[in-house]
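Here are some short exercises to work through with the model open in your viewer. Try each task before reading its solution.

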Amino acid sequence: MSENGQKPMMTRRTFVKVAGLAGTGLALGIGYKVMSGPGVPYTDAAFAPNPFLRIETDGSITVMVGKAEMGQGVATSLPMLVAEELEVPFERVAFAFAPAHPAYGAALGMQVTGGSTSIVEMWEVLREAGATAREMLREAAAQEWDVPAADVVMRDAMAHHPDGSTLAYADLAVAAASVAVPANVPLKDPSEFRIIGLPQPRLDVPQKTTGQAIFGVDAGPADARVAMVARCPVFGGAVRSFDATAALAMPGVQEVLEISSGVAVLADGYWPALKGRDALVVEWDEGEAAGLNDAEISRRLAAGIDEGGGVAAEHGAVEAATGGEAITAEYELPYLAHATMEPMNCTALVEDGRCTVWAATQFQNGPAMLGGGGARQVAAAAAGVSADDTVVHSTFLGGGFGRRAEKDFVQEAAEIAGRVEGAVRVMWSREDDMQHDFYRPASLHRLSATLDDAGNPAVWRHDMASQSILNRLLPEWMPGFVRNRTVMKNGVDPTSAEGASNQPYRVPNFRMTAATVELPVPVGFWRSVGHTHSAFVVESFIDELAHAAGQDPYEYRRDLLAEHPRHLAVLNTVAEAADWGSEVPQGRARGIAVAESFGSYVAEVAEVSLGEDGRPRVHKVWCAVDCGVVVNPAIVRAQMESGIIFGLTAALYGKITIEDGRAVQSNFHDYEMVRMSEAPEMHVVLAPSGDGPGGVGEPGVPPIAPAVTNALFALTGQRVRTLPIALG
């Protein structure tokens, strides 16, 4: 149940229920806006048959996008689903960001963008939204013409009479608002699609290319004061005391106050707030993490494996199986920062018992019992008002990758705004963001395998250790036995083991364990989450086994993937695209990897060489993706390319070093990104299947690191088992 006592919106039944509520209001002639409240967001549109669609008498058609647009294309692909069923040309459709509201949430009313779920969640919901409106407009036209509704053809935003007459949707909007909402509506067969499956132009491009797009840092009242927060540099530390004298003497600085995350300096602009914070004198209680460093973290991860983790997956008889000499390997991956282009920021205004927030957030709304809820619930609690009296305005995101699913920056803004007059914009510097992130967890993996007489793995054992992301988000009041029987089964965080516990290769005796290690470093969801380390480890190790068996790594995978046709199909597709086995230019080599994540299957081939400085250079990447039905092929290709660059950055450069309990890296000079000059040629092949849609925002990331390191092994004979890549 949501905070408003309503059922989630994800199911067809629930959608119809909400639509029915709106329709009841229309049928009674009292207007949709009268139904605004806990279940339905306010609108004064002429025709709004459900929370996702608004049609005006001037012919404008607006699709409300409840997901965050952070470059992944949902502001285009989600309206495509509505337009397809509504029977309108796509160029006639506009989009607007939906407010934070349970009507736009999935399970538990959670309005969150993550896990590559936007299309998956909204595939049926939005098509039904468009189809419902289409049928109501059809009925309105039929009543106007006094003909059976079945005789009216809907096409190109118009109703077509059998005699050739037409009525535009704009002219039918008011009448359609009085038509009862149909209980069931027919959805188009995929063979009838005229918008879905074609590369429609992105609706957000005009705003972004003309500078009109509003990001978090652009939003909110123009007179908002800027706040910079001094936070303890050591994870888990707290303020012991502070002296604001020098800070308050800085021009432009107006107030200094202690808040739950540190000390906030308010000023009439960013620069004075920054200088005021620099002048602040704070004595910190650095806490128990003050001596923590990378070596100690590695030691604790190793101890976690030694102590034994929970069984994430098991079949066969690992202990009883016998075979040849075991092949063993140990892989270790570092903490990673999200490093979004737009640093964290949030603007809040608290007055007259209401809180208004402008935030670039991936998590607008959700139950407070789960990690404090979404931005709306967290802001309400911090400001001391109710969630019903809190409004969150969504904006474009200058990068998310999971970082903006956290609410710390929202909490700070609302807390400060609740204690001072006027609006407050909390700004994070790049250094703030890099050193106070919720990092991708570091992890350690030990693997062993034995091969049968044919060179195939007879036994595969994988033991890993890392921190748990989910453990942090679960409510503290949840008893341990409930925690371990529901989310953390056998004490295993599924987001840690994903991609490894369900690795697809045929192995008769298999066991994977995962140990959860408590460390003070804050961790969170990072683009493709556990698959980032699992794909690297599994695809590197299977490459090691292929080498030990004396077989080609592509052919070795093919044989072991016979029972997984979607894995096999993309593997074959990418091998064909890259002309695997053909002669490679002098000084180069190729590596291959395949992974399933978020319901999609991706295989990649990387072609690499070594530069004169001995550093790896990635020249070409071939990528094959099966994400089920393809909504917008241009966006799918762009997401694969984006994932390749993102994953390549992590493979070549990504590492957060921990010294004295704090992050060492501070900005892009010591936390580098792949530059344009380093970007490889990328060839993406879409291999759609007849299955439902899978995610595309994240699945391009996992295979790239092992594809590159496997290529480096083929080139140099050196097996890379730690990231970022450092050849000896």
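## Exercise 1: The middle of a sheet

Ala227 has Val426 of strand 20 as its bridge partner. Please keep in mind that the model is predicted.

Task: Starting from this pair, find how many bridges join strand 9 to strand 20, and in which sense the two strands run.

Solution:
- Step 1. Locate strand 9 at residues 225-230; 3 bridges join it to strand 20.
- Step 2. Look along both strands: they run parallel.
- Step 3. Check a second pair, where Arg225 stands opposite Val424 in strand 20.

Task: Now find the other partner of strand 20, which is strand 16, and say whether the two run parallel or antiparallel.

Solution:
- Step 1. Go to strand 16, residues 345-351, and trace its 4 bridges to strand 20.
- Step 2. Use Asn345 as a marker, whose bridge partner in strand 20 is Met427.
- Step 3. Compare directions: strand 16 and strand 20 are antiparallel.

Task: Which strand pairs with strand 9 in the antiparallel sense?

Solution:
- Step 1. Strand 12, residues 262-267, pairs with strand 9 over 5 bridges.
- Step 2. A handy marker is Val229, which has Ala264 of strand 12 as its bridge partner.

As a reminder, strands of a sheet pair through backbone hydrogen bonds, either parallel or antiparallel.

## Exercise 2: The whole sheet

Task: What is the order of the strands in this open sheet, and which are its edge strands?

Solution:
- Step 1. The sheet holds 7 strands in the order 11-12-9-20-16-17-19, and the pairing is mixed.
- Step 2. Strand 11 (253-259) and strand 19 (390-394) are the edges, since each pairs on one side only.
- Step 3. Neighbouring strands are turned against each other by 25° on average, with direction ignored.

Task: Which strands does helix 7 touch as it packs on the sheet?

Solution:
- Step 1. Helix 7 (residues 270-279) touches strand 9, strand 11, strand 12 and strand 20.
- Step 2. The direction of helix 7 makes about 25° with that of strand 9.
- Step 3. Turn next to helix 9 (residues 375-383), which lies across strand 16, strand 17 (354-359) and strand 19 and runs at about 135° to strand 19.

## Exercise 3: Side chains of two strands

Task: Which residues of strand 9 and of strand 20 point one way, and which the other way?

Solution:
- Step 1. Recall that in a regular strand the side chains alternate between the two faces of the sheet.
- Step 2. In strand 9, Arg225, Ala227 and Val229 point one way, while Val226, Met228 and Ala230 point the other way.
- Step 3. In strand 20 (residues 424-427), Val424 and Val426 point one way, and Arg425 and Met427 the other way; all are buried.
- Step 4. In strand 9, 6 of the 6 residues are buried, so the strand is largely enclosed by the rest of the structure.

## Exercise 4: Two helix pairs

Task: Why do helix 16 and helix 17 count as roughly antiparallel?

Solution:
- Step 1. Helix 16 (residues 553-560) and helix 17 (residues 565-578) pack at an angle of about 160°, with axes 10 Å apart.
- Step 2. Angles over 145 degrees count as roughly antiparallel, and the two helices are therefore placed in that class.
- Step 3. The contact involves Tyr554, Arg557 and Arg558 of helix 16, facing Leu568, Leu571, Asn572 and Ala575 of helix 17.
- Step 4. Sorted by class, this contact has 4 nonpolar, 1 polar and 2 charged residues.

Task: In which hand does helix 2 cross helix 3?

Solution:
- Step 1. The axes of helix 2 (residues 74-86) and helix 3 (residues 118-145) come within 6 Å and cross at roughly 35°.
- Step 2. The crossing is right-handed.
- Step 3. Among the residues that meet are Leu78 and Leu81 in helix 2 and Met122 and Trp123 in helix 3.
- Step 4. The contact divides into 12 nonpolar, 3 polar and 3 charged residues.

## Exercise 5: Backbone exceptions

Task: Is Ala339 buried or exposed?

Solution:
- Step 1. Find Ala339 in the loop between strand 15 (327-333) and strand 16.
- Step 2. Ala339 has a relative accessibility of 11%; the cut-off for buried is under 20%, so Ala339 counts as buried.
- Step 3. Check the backbone: Ala339 has a positive phi of about 55°, although it is not a glycine.
- Step 4. For context, most residues other than glycine have a negative phi, and most peptide bonds are trans.

Key
Residues are numbered from 1 along each chain as its sequence is written. This is a predicted model: local features need pLDDT of at least 70, side-chain atom pairs count only at pLDDT 80 or more; totals for chains, interfaces and linings use all residues. Side-chain values use heavy atoms; hydrogens and water are left out. Buried means under 20% relative accessible area, exposed over 50%, partly exposed in between (1.4 Å probe, protein chains only). Two strands pair if DSSP finds at least two bridges between them. Axes are lines fitted to C-alpha atoms, for helices over the stretch in contact, and angles run from 0 to 180 degrees between N-to-C directions. Angles under 35 degrees count as roughly parallel, over 145 as roughly antiparallel, 65 to 115 as roughly perpendicular and the rest as oblique. Contact means heavy atoms within 4.5 Å. Ala, Val, Leu, Ile, Met, Phe, Trp, Tyr, Cys and Pro count as nonpolar, Asp, Glu, Lys and Arg as charged, and the others, Gly among them, as polar. A crossing is left-handed if the near helix is turned anticlockwise from the far one by less than a right angle, and right-handed if clockwise.
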